[in-house]
Amino acid sequence: MTERDRAQPWVVDPTTPSVARMYDYYLGGKDNFAADREAAEKIIKLVPNAREIARSNRAFLRRSVRVMVESGVDQFLDIGTGLPTQENVHQVAQRVNPDARTAYVDNDPIVLAHARALLADNARTVVVSADMRDPQGIVDHPEVRAHLDFDRPVGLLLLAILHFVVDDAESVEIVRTVRRALAPGSMVAISHITPGDLSEEDIRRGRDVYTATATGGIIPRTHARIRSYFEGFELLAPGVVPVEEWRPDPETVILPHRGGIGIVGAVGTIS
């Protein structure tokens, strides 16, 4: 932990829902408080497929990281990592390349505490306290710079995180700022929720739930908006598609649609 991290106040408010802990609840985890569960249940009533979306997104992480490692990428920057669960980035990457390095970035104190405890014995991982709303601060962070070599390709992961930035221009600038720091051969995986078949009223009610979280909001975006994040990258086939349709493997589960939001994803590379 750096002096910068030690200087930050690590305050956990169990009465304010956290999107990371809500996501943990969707996945069936136990690292959440009553406020998180209450908020998550409100979303599940509005979005019957919320748990399936979370699981599909996690499976997309596994497949996209594996494609990156098989393409020669051996270092990863995971922004908005969330609470540790099975099939984390470093586990998937090191299964293919034991020397793969991963820098996890989050600003939730519980996420940071759990991740550091889990990864304390893994010298090829670091966990950094930083905020995606300050992307330059992430790429300039001394721990990130010490762990990753930005003169070589990096695998950037922005999974189910940009929809918490409600301003379109700000969300695009986050991706552009990090992209400018990446060397040719780098790759990016992005997943993002779409409106699916939710009504405008249900979307508004869902946004109200997330407005009360520490993150402060959420916004589904169209395929075209999500595709704009890949400016400067060459999209890998099949492009921006529902995450379960992105290079499915024998482990991919195609779940029946029960109504709700969609989630799409894609991987791009810098030539």
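The questions and answers below go through a predicted model, element by element.

Trainee: What ground rules apply to the numbers?
Mentor: Residues are numbered from 1 along each chain as its sequence is written, and side-chain values use heavy atoms, with hydrogens and water left out. In this predicted model local features need pLDDT of at least 70, side-chain atom pairs count only at pLDDT 80 or more, and totals for chains, interfaces and linings use all residues.

Trainee: What is the mean pLDDT of the protein, and which stretch is below 50?
Mentor: pLDDT is the predictor's confidence in each residue, from 0 to 100. The mean is 90, and 93% of residues reach 70 or more. The stretch with pLDDT below 50 has 15 contacts in the model beyond near neighbours in sequence (contact means heavy atoms within 4.5 Å). That stretch is residues 1-9.

Trainee: How many residues of helix 2 are buried?
Mentor: Helices (H or I, at least four residues) and strands (E, at least two) are DSSP runs, numbered from the N terminus. Buried means under 20% relative accessible area, exposed over 50%, and partly exposed in between, with a 1.4 Å probe and protein chains only. In helix 2 the buried set is Val19, Ala20, Arg21, Met22, Asp24, Tyr25 and Tyr26. Helix 2 is thus mostly covered, and the count is seven of its eight residues.

Trainee: Which helices do the buried residues of helix 2 pack against?
Mentor: Helix 2 covers residues 19-26. Its buried residues have four helical partners to name. They are helix 3, helix 4, helix 6 and helix 10 (200-211).

Trainee: At what angle do the axes of helix 2 and helix 3 cross?
Mentor: Axes are lines fitted to C-alpha atoms, for helices over the stretch in contact, and angles run from 0 to 180 degrees between N-to-C directions. The two axes come within 9 Å. The crossing is right-handed; that is, the near helix is turned clockwise from the far one by less than a right angle. The angle is roughly 65 degrees.

Trainee: Which residues make the contact of helix 2 with helix 3, and how do they divide?
Mentor: Helix 2 brings Arg21, Met22, Tyr25 and Tyr26. Helix 3 brings Asp36, Arg37, Ala39, Ala40, Glu41, Ile43 and Ile44. Ala, Val, Leu, Ile, Met, Phe, Trp, Tyr, Cys and Pro count as nonpolar, Asp, Glu, Lys and Arg as charged, and the others, Gly among them, as polar. The division is seven nonpolar, no polar and four charged.

Trainee: Is Lys42 of helix 3 buried or partly exposed?
Mentor: Lys42 sits in helix 3, residues 34-46. Its relative accessibility is 45%. Lys42 therefore counts as partly exposed.

Trainee: Where is Asn49, and is it buried or exposed?
Mentor: Asn49 lies in the loop between helix 3 and helix 4 (50-70). Its C-alpha is 9.9 Å from that of Tyr26, 23 residues away along the chain. At 6% relative accessibility, Asn49 is buried.

Trainee: What covers the buried residues of helix 5?
Mentor: Helix 5 spans residues 89-96, and its buried residues are Val89, His90, Val92, Ala93 and Gln94. Helix 4 and helix 6 (109-119) are among the covering elements. The cover also includes strand 1 (75-79), strand 2 (101-106), strand 3 (125-129) and strand 4.

Trainee: How many residues of strand 8 are buried?
Mentor: Gly262, Val264, Ala266 and Gly268 point one way. Ile263, Gly265, Val267 and Thr269 point the other way, and all are buried. The count is eight of eight.

Trainee: Which strands are joined to strand 8 by bridges?
Mentor: Two strands pair if DSSP finds at least two bridges between them. Strand 5 (residues 187-194) runs antiparallel to strand 8 with eight bridges, and Thr194 stands opposite Gly262. Two antiparallel bridges come from strand 6, where Leu235 partners Gly268. Two more antiparallel bridges, with Val241 opposite Gly265, come from strand 7.

Trainee: Which peptide bond is cis?
Mentor: Look in the loop between strand 6 (234-235) and strand 7 (241-242), where Pro238 is found. Omega is near 10 degrees. The bond runs from Ala237 to Pro238.

Trainee: What is phi of Ala160 and of Arg247?
Mentor: Ala160 is in the loop between strand 4 (155-159) and helix 9 (168-180), and is buried at 15%. Arg247 is in the loop between strand 7 and strand 8 (262-269), and is partly exposed at 36%. Phi of Ala160 is near 50 degrees, and phi of Arg247 is near 45 degrees.
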